[in-house]
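Dear colleague,

I am handing over the structure below, and I would be glad if you could read the notes that follow with it open beside you.

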Number of protein chains: 2
Amino acid sequence: MRYLTEADIEALEIGAAILGTGGGGNPYIGKLRTLQELRRERPIRLISLDELSDDALVATIGGIGAPVISVEKLEHGEEGCWAVRALEEQLGRKIDALVAAEIGGGNSMMPMITAAQLGIGVVDGDGMGRAFPEMQMTTFSIYGHRSVPAALADERGNVVLFKHTMTEEWFEKLARATTVAMGGSTVGVEAPMSGRYVKRAAVPGTVTQAITLGNIVLQANRKHADPIPLICSQEGGVHLMDGKIVDLKRHLRGGFSVGEIVLEGIQSSSGRRGSIVFQNEFLLLELDGLVRVSVPDLVVLLDVDSGHAITTDVLRYGQRVAVLGLPCHPLLRTPEALKVVGPAAFQLHDVEFKPLRAT
Amino acid sequence: MRYLTEADIEALEIGAAILGTGGGGNPYIGKLRTLQELRRERPIRLISLDELSDDALVATIGGIGAPVISVEKLEHGEEGCWAVRALEEQLGRKIDALVAAEIGGGNSMMPMITAAQLGIGVVDGDGMGRAFPEMQMTTFSIYGHRSVPAALADERGNVVLFKHTMTEEWFEKLARATTVAMGGSTVGVEAPMSGRYVKRAAVPGTVTQAITLGNIVLQANRKHADPIPLICSQEGGVHLMDGKIVDLKRHLRGGFSVGEIVLEGIQSSSGRRGSIVFQNEFLLLELDGLVRVSVPDLVVLLDVDSGHAITTDVLRYGQRVAVLGLPCHPLLRTPEALKVVGPAAFQLHDVEFKPLRAT
């Protein structure tokens, strides 16, 4: 168990954005909120999976909606508390700790903010080891736990409780419709479960992993060194291409930010052509017409100079980016997981998942 | 207190359709379900407002969605029970009786079915004295009670609880979005309130009123008499026109059935021209370019021969209809009520409500 510092949160912002593969919400605003909680002397207690009590009641937390909306429609700040309280009332029991539904992007900050406000712990792990666009795409759900009962709150104070849904996909569909009706972004608290189950199903240690990644980038920046090889070496990933965005299609559909970008190789990648499909997150990278990385492995876009991640909400024509492939956690590569987070789950039916390999 | 008979339910179907002013859901399927409950020896106990205990816990019940959908997407039959149980769990208390959110159309049958299944009572009254398309348009809501907490269930078994909404309009918006995501029709149980409040805010005696109207039509049919003057005399209404539908626009928008019909006068109305605007229910009748009846007063379309009501989901070109105006209950004509159910609430901004008068 340890308490997170302001320096940890600064590093978490950068590392979580890398693991966010373009999505998970912009972490900058979440960082500011988290720092504000620390400055109000509300400590953030990080609990490793080993330390977590088997009988603890743990719930996931995360923002729902398109990142491009959540940077414009600011939160009230206490949505997470309202949703936790609604769920506690339903269960007749206090929630002991929160775990990020996804470590990627701004959603890494959601458990920090709400746990600080409520004085409870944050689990060092998450349900994705990255970010995914839909709510049934957590390891908690994949390995058999239900997301409902779940509570969802908006910045006005509207609170809706999903008491029973027939499938995880129905929960996703109803929570998404509610989020769209609420203006496109909300905070959800889901899947109340035992510490015992969290130990088995969570992607372990991902808060620490994101902080470590962030520190690598920050240190390289300070030394004017190139962080990209360090990130690849830390994560076992591959630096696949440097390119310039020469085409960008992005629109909102059903509450998601969906689209495609085309990259023209620069520097040592000169003459190569890349294309990336996204739905909130980057899903698929093709290089010169061949699939090189697909979900659930991570397609990561970094600013070619600073090594900071580029999220789908700030993509723009002419941007110069480094494209990395990082391997996902083994919990996401099992047959059960691939059914939910493999290419076919994103309507990429002609793509077969092949684990990322260095070439 | 009395127990409703099969004959009562047959009459209720016809009378509720008249009070439904075209909406409230098609009562035929609801009637079949209600009769089925009676034949399973599950009695339906009707409680007058006088008999209702001040301390009873009463909730409203009704189908949500466009009538045109609910005739095609059949219910499971126990949605109301699922929603009642979700609300009881939330409140930690049993619900003692149900009251129709709206007496008009199929929604008159909803409390009968669920109360029979649960063995609880039905209040002789409702929240509209007719039918209206939106959920904040009940006298319960108009006179200050909140519709939340409220539970909504679909035929699959999905159950969503609206725990807190900032306004009644937010509840309508979120429940509507959930209903659309669930396929366009659901059952909602709302506004848990005391018997004391129900006595003050309900439109009184409307179950009995609908049964009486239905019996008038059935008796006239048996005697080959014209029921229309009898209906007008019973309700203090006016027979304004007989016409043939010569134009019909109807489409689904935001989960509502909206449109307009144009009528050409027949028989004694020959040479006159009528037009009617609807949103699930008929809202406004113009005769020869002049407004004659507007919400909250009732625009009623009856088959010109049988006197049976014609709902917006079965309107068709060439239909021959009698157009009646019936006065709404005084609870709907107060300034508070007109803000919520007057013409402006339906975007009919150039129409000023003038109480229906015999001419």
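To begin at the far end of the chain, A:Gln347 is found in the segment after helix H11 (335-341) of chain A. Phi of A:Gln347 is near 60°, which is a positive value in a residue other than glycine, and because A:Gln347 has 10 C-beta neighbours inside 10 Å, it counts as exposed. Please keep in mind throughout that this is a predicted model.

A second residue with this kind of backbone angle is A:His224, which is not a glycine and yet has a positive phi of about 55°. A:His224 is placed in the loop between helix H9 (206-222) and helix H10 (227-235) of chain A, and it counts as exposed because it has 6 C-beta neighbours inside 10 Å.

Turning to how the two chains are arranged, chain A is superposed on chain B by a rotation of 180° with 0.0 Å of shift along its axis, and the RMSD is 0.0 Å. The two copies are thus related as by a two-fold rotation axis. Which residue of chain A comes closest to the rotation axis? That residue is A:Leu161, whose C-alpha is at 2.4 Å from the axis.

The same residue appears again where the chains pair, since the bridge partner of A:Leu161 in strand E7 of chain B is B:Leu161. The two strands concerned, E7(A) and E7(B) (residues 159-164 of chain B), pair in the antiparallel sense over five bridges.

The contact between the chains takes 19 residues from chain A and 19 residues from chain B. On the side of chain A that touches chain B, strand E7 (159-164) and helix H7 (168-181) of chain A each supply at least two residues, and the largest share, seven residues, comes from H7(A). Sorted by class, this side of chain A has 11 nonpolar, five polar and three charged residues. Of the interface residues of chain A, 100% are also interface residues in chain B, so the copies meet through the same surface.

Within chain A, the domain assignment gives domain 1 (2-204) and domain 2 (228-346), and the C-alpha centres of these two domains of chain A lie 24 Å apart. Where they meet, 30 residues of domain 1 of chain A are in contact with 28 residues of domain 2 of chain A. The elements that give two or more residues to the side of domain 1 that touches domain 2 are helix H1 (6-19), helix H3 (67-70), helix H6 (139-142) and H7 of chain A, and H1(A) gives the most, with four residues. By class, that side of domain 1 of chain A has 16 nonpolar, 12 polar and two charged residues.

Chain A also holds an open sheet of seven strands, in the order E14-E13-E12-E11-E10-E16-E15, with antiparallel pairing. Its edge strands are E14 (290-294) and E15 (298-303) of chain A, each of which pairs on one side only, and the twist averages 35° from one strand to the next. Inside this sheet, strand E10 (residues 238-253) and strand E11 (residues 256-265) of chain A run antiparallel and are joined by 10 bridges, and A:Asp247 stands opposite A:Val262 in E11(A).

In chain B, you may wish to look at helix H5 (residues 110-118), where seven of the nine residues are buried, so that the helix is largely enclosed by the rest of the structure. The buried residues of H5(B) are among others B:Met110, B:Met112 and B:Ile113, and the buried residues of this helix pack against several elements of chain B, including helix H2 (27-39), helix H4 (79-91) and strand E8 (185-194). H5(B) is followed by B:Gly119, which has a positive phi near 70°.

Finally, there are two peptide bonds to point out. The bond from A:Val148 to A:Pro149 is cis, with omega near 0°, and A:Pro149 lies in the loop between H6 and strand E6 (150-153) of chain A. The bond from B:Val295 to B:Pro296 is also cis, with omega near 5°, and B:Pro296 has its place in the loop between strand E14 (290-294) and strand E15 (298-303) of chain B.

With kind regards

How values were computed
Residues numbered from 1 in each chain as written. Chains lettered and ligands numbered in written order. Predicted model: local features only at pLDDT ≥ 70, side-chain atom pairs only at ≥ 80, totals over all residues. Least-squares fit on C-alpha atoms with pLDDT ≥ 70 in both. Contact = placed C-beta atoms within 7 Å. Pairing = 2+ DSSP bridges. Axes fitted to C-alpha atoms, helices over the stretch in contact; angles between N-to-C directions. Nonpolar A, V, L, I, M, F, W, Y, C, P; charged D, E, K, R; others polar. Domains from an automatic or database assignment. Buried ≥ 20, exposed ≤ 12 C-beta atoms within 10 Å, placed from the backbone.
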